[in-house]
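Here are a few exercises to work through with the model open beside you. Try each task before reading its solution.

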Amino acid sequence: MPCEGTGQDGEFRRGVSWPVPRFALEDDCVHDRLTGLRWTRNANLAEFPLTWPDALEFVAGLNRHRAIGFSDWRLPNRKELRSLMSMATRRPALPLGHPFSNVFLGWYWTSTTAAINPAYAWSIHMDGARMFYAEKERYCLLWPVRGDASGVLPATGQVGCFDAQGRVVSCGGAGQDGELRSGFSWPSPRFEAAGDTAVVDRLSGLLWLRRAWSPPGPVNWWDALERVRKTNEEVRIPGLVWRLPNINELESLVDCSRHSPALPAGHPFLDVAHIYWTSTTSFFDPAWAWALYLHKGAVGVGFKAEAAFSVWPVADAPRRFGLE
């Protein structure tokens, strides 16, 4: 259908534009020109699924042997691995024309432990880009990365390290997200009040309603888009247009050291719900749309016709709130 006036992700297309071409082949490595990260061209270097501890050890072995000529490989954190995902492709959910080989249509480990249960770690499914946590003794694939994306990607917020049973361990040499903390640091304070009704996220430059729940409660996707249109009539701020956030905008709120909700400590939001609709349709099945399970920090999908999720409008923060 035509995008104009729908309020969907495909109309607003918010976010950083991708470079063209996005990827540059460097022998057995691939340079992602969007993030600056370098990935192994072979997306299944270990050949077989491994447990999370074994995946970390496999990457440590790559560094001991200077695999592909480098000794700074790591298991990507969840933001780094998600940065490869395209919301306009499937099987695999990677940008069209990508140069990678041996992409397995299954779950891939990240180095980020799930705060809601530290015996689990976040993993991403290459079939359609869902992100959920898996028991660390489960078997998933791995995809090593190296390089610095601190100019583009923020840190996940995770600062601790945990073993396969969820016990706290020393971060020294762990190779986990809590040790490496890749990405740029969050501003402090992260959130700033914009009057009584809205909050600026100084990390992303987005403006969110302070009350993160809108009546009449859970709605279907089409009603969520309509609810946001009504918000523009009810919460008027000159020069500002409320919209349903896309999946990357909503996921940007997640603090991977927190759960129930997975929001930064001391956040100013009220009436936070468990699951929220986004404006992004699932390309795997367009009858579904992406949703954020904020209680856990998971990225999944919901059937558009089902009145199951909540609505949290967002807008671009005007410059008068101190953001350029």
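**Exercise 1. Odd backbone angles**

Task: this is a predicted model; decide whether Arg-66 is buried, partly exposed or exposed, then look at its phi.

Solution. Start with the surface: Arg-66 has a relative accessible area of 48%, so it is partly exposed, given that exposed takes over 50%. Next, place it: Arg-66 sits in the loop between helix H2 (52-64) and helix H3 (78-82). Now the backbone: its phi is near 50°, which is positive even though the residue isn't a glycine. As background, most residues other than glycine have a negative phi, and most peptide bonds are trans.

Arg-91 is worth a look as well. Its phi is about 50°, again positive in a non-glycine residue, and it lies in the loop between H3 and S4. Arg-91 has 52% relative accessibility, so it counts as exposed.

Then turn to the peptide bonds. Which one joins Val-20 and Pro-21, cis or trans? It's cis, with omega about -5°, and Pro-21 belongs to the loop between helix H1 (9-12) and S1. Another cis bond runs from Ser-188 to Pro-189, with omega near 0°. Pro-189 is in the loop between helix H4 (177-180) and strand S10 (191-194).

**Exercise 2. Aromatic pairs**

Task: describe the geometry of the pair Tyr-108 and Trp-143, then do the job again for Trp-122 and Tyr-133.

Solution. The count of aromatic pairs comes to 16. Take Tyr-108 and Trp-143 to begin with: the centres are 5.9 Å apart and the planes make 50°, a tilted pair. Tyr-108 is in strand S4 (residues 107-113), while Trp-143 is in the loop between strand S6 (131-135) and strand S7 (145-146), so the pair ties together parts 35 residues apart in sequence. Check the burial too: Tyr-108 has a relative accessible area of 0% and is buried, and Trp-143 is buried at 0%.

On to Trp-122 and Tyr-133: here the centres are 5.4 Å apart with 85° between the planes, so this pair is edge-to-face, because an angle over 60 degrees puts it in that class. Trp-122 comes from strand S5 (residues 120-125) and Tyr-133 from strand S6, so parts 11 residues apart in sequence are tied together. Trp-122 is buried at 2%, whereas Tyr-133 is partly exposed at 23%.

Two more steps round this off. Ring pairs link Tyr-108 and Trp-143 with Phe-23, Trp-39 and Phe-100 into a cluster. And Trp-122 has a charge over its ring: the charged end of Arg-78 sits 4.7 Å from the ring centre. Elsewhere, Lys-304 lies over the face of Trp-221, 4.0 Å from the centre of that ring.

**Exercise 3. A sheet and its edges**

Task: work out which strands stand at the edges of the sheet S1-S2-S3-S7.

Solution. First read the order: the 4 strands make an open sheet, S1-S2-S3-S7, with antiparallel pairing. Strand S1 (23-26) and S7 each have a single partner strand, so they are the edges and one side of each has no neighbour in the sheet. Inside the sheet, strand S2 (residues 29-32) pairs with strand S3 (residues 38-40) over 3 bridges, in the antiparallel sense. For Cys-29, the bridge partner in S3 is Thr-40. Cys-29 is buried, at 4% relative accessible area.

**Exercise 4. The disulfide and an aspartate**

Task: find which cysteines the disulfide joins, and say which hand it has.

Solution. The count is 1 disulfide, between Cys-161 and Cys-171, with the sulfurs 2.1 Å apart. The torsion about the S-S bond is about 110°, so the disulfide is right-handed. Cys-161 is in strand S8 and Cys-171 in the loop between S9 and H4, 10 residues apart. Both ends are buried: Cys-161 at 1% and Cys-171 at 18%. Cys-140, by contrast, is in no disulfide, and the nearest cysteine sulfur, from Cys-256, is 17 Å away. Cys-140 is buried as well, at 2%.

Finish with Asp-163, in the loop between strand S8 (161-162) and strand S9 (168-169). Asp-163 counts as buried at 17%. Its side chain makes a polar contact of 2.8 Å with the side chain of Arg-167. Leaving out residues up to four places away in sequence, Asp-163 touches Pro-118, Lys-136 and Val-169.

Notes. Residues are numbered from 1 along each chain as its sequence is written. This is a predicted model: local features need pLDDT of at least 70, side-chain atom pairs count only at pLDDT 80 or more; totals for chains, interfaces and linings use all residues. Side-chain values use heavy atoms; hydrogens and water are left out. Rings of Phe, Tyr and Trp (its six-membered ring) pair if their centres lie within 6.5 Å; planes under 30 degrees apart count as stacked, over 60 as edge-to-face and the rest as tilted. Helices (H or I, at least four residues) and strands (E, at least two) are DSSP runs, numbered from the N terminus. Buried means under 20% relative accessible area, exposed over 50%, partly exposed in between (1.4 Å probe, protein chains only). A charge sits over a ring if NZ of Lys or CZ of Arg is within 6 Å of the ring centre and within 35 degrees of the ring normal. A polar contact is a pair of N or O atoms within 3.5 Å; within protein, one must be able to donate a hydrogen and the other to accept it, and residues adjacent in sequence count only if both atoms are side-chain atoms. Contact means heavy atoms within 4.5 Å. Two strands pair if DSSP finds at least two bridges between them. A disulfide is a pair of cysteine sulfur atoms within 2.5 Å.
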